[in-house]
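Ready for some practice in reading a protein model? Take a pencil, look at the picture and the sequence, and try each task before you read its solution.

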Amino acid sequence: MPDYLRDLAPHLGTGPTILVFATVFMAGLLRGFTGFGFALAAVPVITLFVEPAAVIPAIPIVAMVAGAEQLRRAWRTANWHAIGRLLVGATLGAPFGTVALTYLPANIMRALIGLVLLLAVLALWRGYRFKQRPPTGAQIGIGLASGILNGATAMGGPPVILFFLASPEGVAIGRASLLVYFFFISAWSIVTQSVMGLVDPKTVVLALLMIPVMAVGNLIGDRLFNRTKAATYQRVALGFLMLIAILAIARAIMP
């Protein structure tokens, strides 16, 4: 194992190293296909072997750099009106999430997230969709919920993902909008983490190691999406969200 990787994880052997990079590849594949899910899929596994203080700030750097080519095309297709309102809500909600984290046990928050997410996924699986675009206030409210959850649990993505999956505008616009939305969220995370001094040489080294692996997975996922029917995309996206919901509930109830 290279010295610079050993410094990040001194007890990381060959097998776990392969698992870490396989996880990055599969998370990149998922993100390339669905437009979301890189952090949700990668962080829980990687932090088992590499210090979280290096992993968490590295993830948005990897997502931004490795997904740049995909973003160029999404930029023209995305629903910018919805993205702007969701970002306003997410920015306003983040401080309230931090307050919630102070007063509510993390496991209660995880259980609530898991239950609400599970119910929403089941509704979408049974065919529920918005008949028309929700009003401005509702869109800001969804962004607000995302910001609160992100501040409280670092799981702010699902409300926005569900919003675009239920959108009447179709899969292509929803996926493009998710790519753009998470680009801005990643950029904001990098800025805030840098200001707080969380981005250091270890973070940069880890990001540089992950970027080419994630980029390959992202490229393959993007090509798979271009050859996939909308119904298949919905099943994959909802299946992944259901898995997140079940894992969140399991983590909340396990000692």
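The exercises below work through a predicted model, each with its solution in steps.

**Exercise 1. The salt-bridge network**

Find out how many salt bridges the structure holds, and which residues are joined into one network.

*Solution.*
Step 1. Begin with the count: there are three salt bridges in the structure.
Step 2. Take the pair Arg73 and Asp222, whose side chains meet at 2.6 Å, N to O. This pair links distant parts of the chain, with Arg73 in helix H5 and Asp222 in helix H11 (residues 201-226), 149 residues apart.
Step 3. Now look for another partner of Asp222. Asp222 also forms a salt bridge with Arg175, and here the closest N and O atoms are 2.8 Å apart. Arg175 lies in helix H10 and Asp222 in helix H11, so this bridge ties together parts that are 47 residues apart in sequence.
Step 4. Put the two pairs together: through shared partners, Arg73, Arg175 and Asp222 are joined into one network.

**Exercise 2. Buried or exposed?**

Decide whether Asp222 and Arg73 count as buried, partly exposed or exposed.

*Solution.*
Step 1. Recall the cut-offs: buried means under 20% relative accessible area, and exposed means over 50%.
Step 2. Asp222 has a relative accessibility of 4%, so Asp222 counts as buried. Its partner Arg175 is buried too.
Step 3. Arg73 has a relative accessible area of 26%, and therefore Arg73 is partly exposed.

**Exercise 3. A bridge between two loops**

Locate the salt bridge between Glu169 and Arg133, and describe how accessible each partner is.

*Solution.*
Step 1. In this bridge, the closest N and O atoms are 2.5 Å apart.
Step 2. Glu169 sits in the loop between H9 and helix H10 (171-195), while Arg133 sits in the loop between H7 and H8; the pair links distant parts of the chain, 36 residues apart.
Step 3. Glu169 is partly exposed because its relative accessibility is 27%. Arg133, at 38%, is partly exposed as well.

**Exercise 4. A nonpolar patch**

Work out which residues form the nonpolar patch on the surface and which helix gives the largest share.

*Solution.*
Step 1. The patch is formed by Val88, Leu92, Phe96 and Leu144, with about 370 Å² of accessible area together.
Step 2. Helix H6 (residues 80-103) gives the largest share, three residues.
Step 3. Check one member: Phe96 lies in helix H6, and Phe96 counts as exposed because its relative accessibility is 55%.

**Exercise 5. The lining of a pocket**

Describe the second largest pocket: what is its volume, and which classes of residue line it?

*Solution.*
Step 1. Think about the method: rolling a probe the size of a water molecule over the atoms shows where empty space is left.
Step 2. The volume of the second largest pocket is about 370 Å³.
Step 3. Its lining has 18 residues, and Val116, Leu117, Ala120, Pro159 and Leu162 lie nearest the centre.
Step 4. Helices H7 (106-125), H8 (136-153) and H9 (157-165) each supply at least two lining residues. The largest share, eight residues, comes from H7.
Step 5. Sort the lining by class: 18 residues are nonpolar, with no polar and no charged ones.

**Exercise 6. Sequence and space**

Compare the separation of Glu69 and Ala215 in sequence with their separation in space.

*Solution.*
Step 1. Glu69 is in helix H5 (residues 68-77).
Step 2. Glu69 and Ala215 are 146 residues apart in sequence, yet their C-alpha atoms are 9.5 Å apart in space.

Methods. Residues numbered from 1 in each chain as written. Predicted model: local features only at pLDDT ≥ 70, side-chain atom pairs only at ≥ 80, totals over all residues. Heavy atoms only, no water. Patch = residues over 30% accessible without salt bridge, like charges linked within 9 Å, V, L, I, M, F, W, Y side chains within 5 Å. Areas by Shrake-Rupley, 256 points an atom, 1.4 Å probe, with all protein chains shown as cover. Salt bridge = Lys/Arg side-chain N within 4 Å of Asp/Glu carboxyl O. Helix = DSSP H or I, 4+ residues; strand = E, 2+ residues; numbered from the N terminus. Buried < 20%, exposed > 50% of the residue type's maximum accessible area, 1.4 Å probe, protein only. 1 Å grid on protein atoms, 1.4 Å probe; cavity = no way out; pocket = protein on both sides within 12 Å on 5 of 7 lines; lining within 4 Å. Points joined across faces, edges and corners; volume = space filled by probe spheres on them. Nonpolar A, V, L, I, M, F, W, Y, C, P; charged D, E, K, R; others polar.
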